[in-house]
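Colleague: I would like to learn how to read buried residues and nonpolar cores in a model. Could you take me through an example, beginning with a single loop residue?

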Amino acid sequence: MLEAGWDPRLREQMFDSCVLGVDPGVANVGLAVVAHADRKVSLVWATTVRTPSDLAGSSRLRRLADEVGAAIGRHSPDAVAIERLAWNRNKVSALEVARATGAVMVVADRAGLPVEEYGPNEVKIAVTGAGNADKDQVRDALVRIHGLRNCPVQADAVDAVAIALTHLMGSRIRAAGRTPGPTRVRSGTR
């Protein structure tokens, strides 16, 4: 039994409706804003931010933080979704990505936004249905399956779109678990 006066259309308002997706890095950072409105997902904006290699590490991180802050200011997302670092053999690269992830998290926290992290395989499965999908398959799925016709071609920006979409899809599932549903009454007799 549903609560009296409960309008099922309110369920849509419980989902994150605009997400900033981030594919973190220092040299190249993918940023994308994906929105959900009127039961449709749309790509609002995407870019790849590049930082010059001759800048000091702290200056590159500041540039990344500034770009993330500007994106938050322009698009007012409800949440930030970041690709979780996949530890590999290159520990130096992994450390740089971890620093970039931290910078993004600080900017999001200052803006009062929740942050969720998603592993690469988790994103691939959510977008394509296969954890071993390559970058071309991910982009193809974003366009053909999810209808994001204006999907960028830069790999980092495509990853950011996929990360944001993964969060929106998960947000709907998490919210569905919190919405009022039928109440079951258990009889006292067996």
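Modeller: This is a predicted model, and a good place to begin is Pro-152, which lies in the loop between H4 and H5.

Colleague: Is Pro-152 buried or exposed?

Modeller: Pro-152 counts as buried because its relative accessible area is 12%, and the cut-off for buried is under 20%.

Colleague: Which residues does Pro-152 contact, leaving aside its neighbours within four places in sequence?

Modeller: With those neighbours set aside, Pro-152 is in contact with Leu-43, Ala-46, Arg-139, Ala-157, Val-158 and Val-161. Leu-43 is 109 residues apart from Pro-152 along the chain, yet their C-alpha atoms are separated by 9.7 Å.

Colleague: What is the general idea behind a nonpolar core?

Modeller: In soluble globular proteins, nonpolar side chains tend to be buried together. Here the largest nonpolar core has 23 residues, and those with the most contacts inside it are Val-127, Val-138, Leu-142 and Val-161. Two or more residues each come from strand S2 (28–37), helix H3 (120–128), helix H4 (135–144) and helix H5 (155–176), with H5 giving the largest share, 8 residues. A second, separate core of 21 residues includes Cys-18, Val-33, Ala-71 and Val-104.

Colleague: And the cysteines: how many disulfides does the structure hold?

Modeller: A disulfide is a covalent bond between the sulfur atoms of two cysteines. The structure holds 0 disulfides. Cys-18 counts as buried because its relative accessibility is 11%, and Cys-151 likewise counts as buried, at 6%. Cys-151 is also among the residues that Leu-142 touches, a list including Val-127, Leu-148 and Leu-165.

Conventions: Residues are numbered from 1 along each chain as its sequence is written. This is a predicted model: local features need pLDDT of at least 70, side-chain atom pairs count only at pLDDT 80 or more; totals for chains, interfaces and linings use all residues. Side-chain values use heavy atoms; hydrogens and water are left out. A nonpolar core is a set of buried Ala, Val, Leu, Ile, Met, Phe, Trp, Tyr and Cys residues joined through side-chain atoms within 4.5 Å. Buried means under 20% relative accessible area, exposed over 50%, partly exposed in between (1.4 Å probe, protein chains only). Helices (H or I, at least four residues) and strands (E, at least two) are DSSP runs, numbered from the N terminus. Contact means heavy atoms within 4.5 Å. A disulfide is a pair of cysteine sulfur atoms within 2.5 Å.
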